[in-house]
Structure formats: structure tokens, C-alpha cells
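Open the structure in your viewer and keep the selection tool at hand. The tour goes stop by stop, with something to select at each one.

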Number of protein chains: 2
Amino acid sequence: MKIKRSERLVDMVIYFLQNPNTTTPLNYFSDKFVAAKSSISEDLTIIKHTFEENNMGSLVTYAGARGGVQYQPYYEDKQLKKEILHLKNEINGSKRLLPGGYIYTSDLLSEPKWLKRIGKVIASKYLTEEVDAIMTIATKGVPIAQATAYNLNVPFVIVRKSSKVTEGSTVSINYLPRSSSEKVEKMELSKTSLKEGSKVLIIDDFLRGGGTITGLERMAEEFNCEVVDSVVFLEHNSKISNESYHSLLKVTSVDEEDRTIEVDIGNFLSL
Amino acid sequence: MKIKRSERLVDMVIYFLQNPNTTTPLNYFSDKFVAAKSSISEDLTIIKHTFEENNMGSLVTYAGARGGVQYQPYYEDKQLKKEILHLKNEINGSKRLLPGGYIYTSDLLSEPKWLKRIGKVIASKYLTEEVDAIMTIATKGVPIAQATAYNLNVPFVIVRKSSKVTEGSTVSINYLPRSSSEKVEKMELSKTSLKEGSKVLIIDDFLRGGGTITGLERMAEEFNCEVVDSVVFLEHNSKISNESYHSLLKVTSVDEEDRTIEVDIGNFLSL
């Protein structure tokens, strides 16, 4: 069905936003809209420009037989820094310190508004990398993993901390959640959840000792998967090398009396 | 800055898709684009039409001082049924039966493609209701809750099955996960997670005995919240009145030997 340019543009934007990180041949559009490829190209130029103006990422065109156009949702470096500073300002000075040195972030990590931004922040650095799946651990890593998966258009697998009967056969490993002085815990992942040999991006909400991230890396190894990177939303007193993970924010000081915390931007931006 | 209609249309579509279920005054657009209200109205007509053509929902205009235009992401009844049938076909006849009568659905509930559709299916029925928050229970309810929250543009709160030290003070209740013959478990929710008096939509992945949903309803009561409805992705041998919840799909038969299951559409469509 032949339609007007204005409707075609609206239709194409809907398509791109619903199918991020997916290569679509130009034929798809010229067939769907019964339009010349030159018209489609002009449309793409307009859309690309407006995406870039709106900090939405961009359209990227690939040549060749398997080529086409792809919507990549990302923040440019300048905007990326702004977004992380925005998160920093939201957390700084607020009463988030919980007993045991934990930090309360559930308010942010349950709001679509924040999750959409965090997901796009993380995805920004991995769109050009090969990522087959995101791996996270229950429960608070899940929303961030899902938000990122929406942008990268890959599945996310959820490692569980305790044995559940609902998952069929699982691979389980023991790990030290925080430091070597504490008790060993168990994490497990259903065998069918993750394809052998996948390239995996590990995502969690909080990193303290680093034991959970190390455990997730070993879990990935058990599935013969390659870890592309590990990303955490917030780190506090990490005890592992900061070359082995990237954090959006890190705690710089805590006021035990006021229960307030100060954070700074983490090493994610240096990626 | 004055820009061309084509770019304005692209910009507006981006805005609506990023801000579902949010009323925006027309002034916002006429100011942003330095355009007459009549031009903006024409744009809205084009966008509304194309959204409807693409099963994306529609634009709804509210009159009055606090009025404006709102993007409501939903499937029309016919498409809603198609979407649920699509899910049914994906599950029917596949090897999903796990020991203990559980059903494996993690593959679907970890794919952005499926989650986006499921979230929009559920949201379709509650856009015109007042919903302040979604309540779900860890772990497998979370992705569906988040997907729905993205469409309704409300926060989702995660009730946990066991005590965690990371949440500060909590309200906890005991519940019977499946039937009265089994052991009592505990679920809890951090006090700061949910505002008193909120209108809550309960979402979970799987309903068997109904004890978890009943527990979540009681949890909502503890916060003086009103339960708008309870929705589950899949039900199997429910033991509670089917007026108290809505299911997208229900298990109609299981083949213990083959480990395959048959499902039919649940009572969600009759809502």
C-alpha cells in the first residue's frame, strides 16, 4: 500500500524503536511502502538526524548482501556523562545507607523512567561488541539486565542464589558473596538457559567484595561462555581489580549517623 | 527552533513512545517546535492514524485546563486475542513440564521480543484504570512486571520470598504457596517501597494453588493499598475463584511421559 511520506516516517520510527540493534534490508521498507529506494534513503536521513538531535542514538547503514539499516540506541559520550551525573545527583546526600553497608537503590531501580535511562547508558558501550546474552543474578540485578537487554535486543539469563525446583537441571557453583571471611553461598543456573559458547555481558546492581561478580564469571565459564565485560550500577569498597568490571557509580563516603552517602562517577565512562 | 514537519513528526513519535500513558499539553509541542496549534493538531492526526494502523495503541486527547494528549500503548481486542494465541502456539506441544507440575517458561520470559508483547498485552486492559504501582514477587514475576510497568509508566515493587538484609525495615507476612497441606512460607516487602493507599496491580508468572496471589493481596492490604486486579501469565489447576485473578494462558493438559503441555487462552480476554 502506497502511503504519504509523513505516515511512512511515523511508521519507520515506530519500527526502529521497536527493533533496536537489528539489521533490516532497505528492501523491507521499499516493499512495505511501495516506495523508491531513493525515497526511503531520504526518509532515513531525516530519521537519523532527528534521532541524533534527541540523544536517541543513530541509524547505521551496512553495505553488502547481508547489509541494511540498524537503529542503535546509545548516548553520545557527552550525554552519557550527563546521564551518569544525573544519577549521581539523585543519590548524593540522600538517606540510603542500610545496616551492614548496603545501599538502598530500589526506588530508582523500580521506576521505568530511570531504568530506561540506565539500560541505554549501559547499552551505549556494547552496541558495537558482539553480545549474545546478558547474565544477571536475582533479584535486584534483573531490572537493570532487562532494561539493557531491551536496547541490545538480546535475552537475559537470571542466575539464582538458591535452589529452586522450577528450573529443571541446573549448573551450580559455590562462591563467596563478599570476602573470604564469610560463608560460602551457592548460585545456580538452569542448563537450558544459556547456549554453550555465548558471549555474555554480566550485569548486577551492587558490587562490594566482588565475590558475586567473580562467581558469575565462573558460572559463565561452566557454560563455556566468554565474558565480554561485567557492569555494576554501584560499587562500594571493591576488593577486586577494577580492570575486571565497570561501575556506573561508586560510593566515596558514607555518613553512618545521617545514613547519607556520597557517590562519584565510576570507571564505566573510561571504557 | 522552527523545523520541518517531517522532523517534527519523527521527534513527536519518539516523545510519545518514550512517555506512554502521560498527558502532555499541546503547548509543549507548539512551544518546542515554534508551530501553530493547528499544525500540531494535524501532526497528531497523522501519528494517531499510523499508531492505530500498526497495532501500537492510539493517541487520546483530553480537554480542559489539565488536558493534553496522551499516548496509550495497547492492542485492540482483535489483536489482543492474536497476541495471546501467538503465545499459546509457542507453548503448545513443547517440552515444558518440569518435575512437580511446574512449567518451564524462562526462555520466553527472558526475551525482549516476547516481554515487550506480554507487557503490552497486560497493559491493554488497565490503561483506563487508575494504577499507581505494580506489585510482583521475586524472581520470575519481575520481568513481566517491568514490561507492563514500561507501558503503564508506573513503578513496580518486588516482594521477596526470604529475608534479605539489604532492604531496611520490612513488612512480612506468612502464606501458603500452593495448598493448605504444604508448609508456610514468608514473603516480605520493604516499608519504603510502596506508598500507603496506592492502587496496585498484582502480576506474577505462574499460578497454581493461588496461595502466592492471595499472599500478595494480603501484603497490599498491609500497606492499605487497593488491589485493582491480579494477572498471571500462566495458570495450572488453580484452586481459588477465577473471579479473583486473570490469566493470559491456562494449562489444559500435560503429557507426563513426553513432558509436553497443552495450553488454552485464559480468562484475561473476558476482562
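Is Cys225(A) buried or exposed? Select Cys225(A) and show the surface around it. Cys225(A) has a relative accessible area of 9%, and because the limit for buried is under 20%, Cys225(A) counts as buried. Keep in mind that the model is predicted.

**Stop 1: the cysteines**

Move to chain B and select Cys225(B). Its relative accessibility is 10%, so Cys225(B) counts as buried too. A disulfide is a covalent bond between the sulfur atoms of two cysteines. How many disulfides does a search of the whole structure find? The count over all chains is 0.

**Stop 2: the two chains**

Colour chain A and chain B separately. Two copies of a chain are related by a rotation about an axis and a shift along it. Here chain B can be laid on chain A by a turn of 180° and a shift of 0.0 Å along the axis, with an RMSD of 0.0 Å. This is the relation of a two-fold axis. Now look at the interface. Of the interface residues of chain B, 100% are also interface residues in chain A, so the copies meet through the same surface.

Select Lys116(B) together with Tyr150(A). The charged end of Lys116(B) sits over the ring of Tyr150(A), 5.1 Å from the ring centre.

**Stop 3: a strand with two faces**

Select residues 170-175 of chain A, which make up strand 5, and show the side chains. In a regular strand the side chains alternate between the two faces of the sheet. Which side chains of strand 5 point to the buried face? They are Val171(A), Ile173(A) and Tyr175(A). Thr170(A), Ser172(A) and Asn174(A) point to the other face and are not buried.

Add strand 6, residues 185-190 of chain A. Strand 5 and strand 6 of chain A run antiparallel and are joined by 6 bridges. At Thr170(A), look across to strand 6 of chain A: the residue opposite is Ser190(A).

Next select Pro177(A), in the loop between strand 5 and strand 6 of chain A. Pro177(A) has a relative accessible area of 12% and is therefore buried. Leaving out residues up to four places away in sequence, Pro177(A) touches Lys183(A), Glu185(A), Gly211(A) and Thr212(A). Draw a distance between the C-alpha atoms of Pro177(A) and Ile213(A): the value is 8.7 Å, although 36 residues separate them along the chain.

**Stop 4: aromatic rings**

The structure holds 17 aromatic pairs over all chains. One of them is Tyr15(B) with Phe29(B), an edge-to-face pair with 5.4 Å from centre to centre and 90° between the planes. This pair links distant parts of the chain, 14 residues apart: Tyr15(B) lies in helix 1 (residues 5-18) and Phe29(B) in helix 2 (residues 26-33) of chain B. Both Tyr15(B) and Phe29(B) are buried.

Add Tyr28(B), which forms another edge-to-face pair with Phe29(B), at 5.2 Å centre to centre and 85° between the planes. Tyr28(B) has 35% relative accessibility and so counts as partly exposed, whereas Phe29(B), at 1%, counts as buried. Then turn to chain A, where ring pairs link Tyr15(A), Phe16(A), Tyr28(A) and Phe29(A) into a cluster.

**Stop 5: a histidine in a loop**

Where is His236(B)? Look in the loop between strand 9 (226-235) and strand 10 (246-255) of chain B. His236(B) counts as buried because its relative accessibility is 9%. Apart from neighbours within four places in sequence, the residues in contact with His236(B) include Gly101(B), Phe206(B), Arg208(B) and Val251(B).

Stay with Arg208(B) and add Tyr102(B). The charged end of Arg208(B) sits over the ring of Tyr102(B), 5.0 Å from the ring centre.

**Stop 6: a hairpin**

Select strand 10 of chain B and strand 11 (residues 260-265) of chain B, which run antiparallel with 6 bridges between them. They form a hairpin with 4 residues between the strands. Arg259(B), in the turn, has a positive phi of about 65°. Asp255(B) has Thr260(B) in strand 11 of chain B as its bridge partner.

Conventions:
Residues numbered from 1 in each chain as written. Chains lettered and ligands numbered in written order. Predicted model: local features only at pLDDT ≥ 70, side-chain atom pairs only at ≥ 80, totals over all residues. Heavy atoms only, no water. Buried < 20%, exposed > 50% of the residue type's maximum accessible area, 1.4 Å probe, protein only. Pairing = 2+ DSSP bridges. Phe/Tyr/Trp six-rings, centres within 6.5 Å; stacked < 30°, edge-to-face > 60°. Lys NZ or Arg CZ within 6 Å of the ring centre and 35° of its normal. Least-squares fit on C-alpha atoms with pLDDT ≥ 70 in both. Contact = heavy atoms within 4.5 Å. Disulfide = S-S within 2.5 Å.
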